[in-house]
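Subject: Structure handover

Hello,

Here is the structure I promised to pass on. Please open it first; my notes follow below.

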Amino acid sequence: MQSERSLIPTPMPVRRHARSGNRGLALTVLCLAVLLVVMDNTIVNVTIPTMSDALNASSTDLQWVVDAYTLSFAALLLPAGKLSDRWGRRRMLLVGLAGFAVVSAATAFSWALWQLVTLRVVLGVCAALIYPATLSSIIVIFEGSRYRSLAVGLWAATSGVGIALGPIIGGVLLEHYAWNSIFWVCSVIGVVALACIAVAVPEVRAYRSERFDFPGTVLSMAGVGLLVWAIIERPTYGWLS
């Protein structure tokens, strides 16, 4: 026979929501974080020729400066989203942005190709921690608001703006500064976004915290990572290799 205590429902975890007046500020800050993640993927493209001369590497080798970021970001996107549900979206954003700012600054001091590619992989990991947490935070913060669809639309539009803005900012920086200036800019933006999120974005978590599926996480990372790697290397080896 069940005891009386077992019949008492377990209270669900409470999610904190932003006040109506703070939703706009929270959306702006979260879009800034998205802009940083997307822009960092394209701002490097215009610096490849300059990096080739500075690091004495071929343009083909330096292409992995771009691809390493994309590969690690894509492979970790799904598990990072699950972790943010369990540990808290704001906490994941703070960790990701802090890592992004520090690693971007470290990347500016790179003197060899292997070091640059390795740090770009770490930047992709930090970006994976940031990106899914921004959208899930927006959905929760604007829950019950008539502006929820607009907020999600602005989030998606920011990704498009970041893709176009990266090469423009990179070109302007190369006109006046060295190639590593692009990483200093990303580091500064990361610090600004980190400070603003710490103030403007509340902590939000999923109502239910399910057991973490470690085997499934490893398989998803391997599957997505190999798929993206195959697409990147297709021009070199061909589909039937």
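Thr158 is a good place to start. Outside the residues up to four places away in sequence, Thr158 touches Cys31, Val34 and Leu35. Bear in mind throughout that this is a predicted model.

Thr158 sits in helix α6, which covers residues 148–176. Its relative accessibility is 14%, so Thr158 counts as buried, the cut-off being under 20%. The Thr158 side chain also has a polar partner on the backbone. One of its polar atoms lies 2.7 Å from the backbone oxygen of Leu154.

Now the overall picture. The protein chain has 8 helices and 0 strands. Read from the N terminus, the order is α-α-α-α-α-α-α-α. The chain has 241 residues, and 45% of them are buried. Take the contacts between residues at least 6 apart in sequence: 85% of these join residues at least 24 apart. The accessible surface is about 13,000 Å². Carbon and sulfur atoms account for 66% of that surface.

Next, the core. In soluble globular proteins, nonpolar side chains tend to be buried together. Here, the largest nonpolar core holds 57 residues. Which members touch the most other members? They are Val44, Met51, Phe100, Phe183 and Ile197. At least two core residues come from each of α1, α2 (48–55), α3 (59–87), α4 (89–107), α5, α6 and α7 (181–200). Helix α5 gives the largest share, with 13 residues.

Phe183 deserves a look of its own. Setting aside neighbours within four places in sequence, Phe183 is in contact with Val44, Met51, Ser104, Thr107, Ala108, Leu116 and Arg120. Val44 and Met51 are also on the list of core members that touch the most others. Arg120 returns below, in a salt bridge.

How many salt bridges does a search of the whole structure find? The count is 2.

- Asp40 with Arg120: the closest N and O atoms are 2.6 Å apart. Asp40 belongs to helix α1 (residues 20–42) and Arg120 to helix α5 (residues 113–141), so this pair ties together parts 80 residues apart in sequence. Asp40 and Arg120 are both buried.
- Arg89 with Asp85: the side chains meet at 2.6 Å, N to O. Arg89 is buried, with a relative accessible area of 6%. Asp85 is partly exposed, with a relative accessible area of 25%.

Arg89 also turns up beside Ser137. Ser137 is in helix α5. Is Ser137 buried or exposed? Its relative accessibility is 0%, so Ser137 counts as buried. Leaving out neighbours within four places in sequence, Ser137 is in contact with Leu30, Arg89, Leu93 and Val204.

One longer-range pair is worth displaying. Val191 is in helix α7. Phe100 is 91 residues away from Val191 along the chain, yet their C-alpha atoms are separated by 8.7 Å. Val191 has 45% relative accessibility and counts as partly exposed. Phe100 is one of the core members that touch the most others.

Then the loop between α5 and α6. Arg146 is located there. Its relative accessible area is 73%, so Arg146 is exposed. The side chains of Arg146 and Tyr147 are joined by a polar contact of 3.1 Å.

Last, the C-terminal side of α8. Trp239 is found in the segment after α8 (214–237). Is Trp239 buried or exposed? At 60% relative accessibility, Trp239 counts as exposed, since the cut-off is over 50%. Trp239 is also part of a nonpolar surface patch. Leu227, Ile231 and Leu240 are the other members. The patch covers about 550 Å².

If time is short, I would display three things. One is the Asp40–Arg120 salt bridge between α1 and α5. Another is Phe183 with its contacts, including Val44 and Met51. The third is the nonpolar surface patch with Trp239.

Best wishes

Methods. Residues are numbered from 1 along each chain as its sequence is written. This is a predicted model: local features need pLDDT of at least 70, side-chain atom pairs count only at pLDDT 80 or more; totals for chains, interfaces and linings use all residues. Side-chain values use heavy atoms; hydrogens and water are left out. Helices (H or I, at least four residues) and strands (E, at least two) are DSSP runs, numbered from the N terminus. Buried means under 20% relative accessible area, exposed over 50%, partly exposed in between (1.4 Å probe, protein chains only). A polar contact is a pair of N or O atoms within 3.5 Å; within protein, one must be able to donate a hydrogen and the other to accept it, and residues adjacent in sequence count only if both atoms are side-chain atoms. Contact means heavy atoms within 4.5 Å. A salt bridge is a side-chain nitrogen of Lys or Arg within 4 Å of a carboxyl oxygen of Asp or Glu. Patches are made of residues with over 30% relative accessible area and no salt bridge: like charges are joined within 9 Å, nonpolar side chains (Val, Leu, Ile, Met, Phe, Trp, Tyr) within 5 Å. Accessible areas come from the Shrake-Rupley method with a 1.4 Å probe; for residues, only the protein chains shown count as cover. A nonpolar core is a set of buried Ala, Val, Leu, Ile, Met, Phe, Trp, Tyr and Cys residues joined through side-chain atoms within 4.5 Å.
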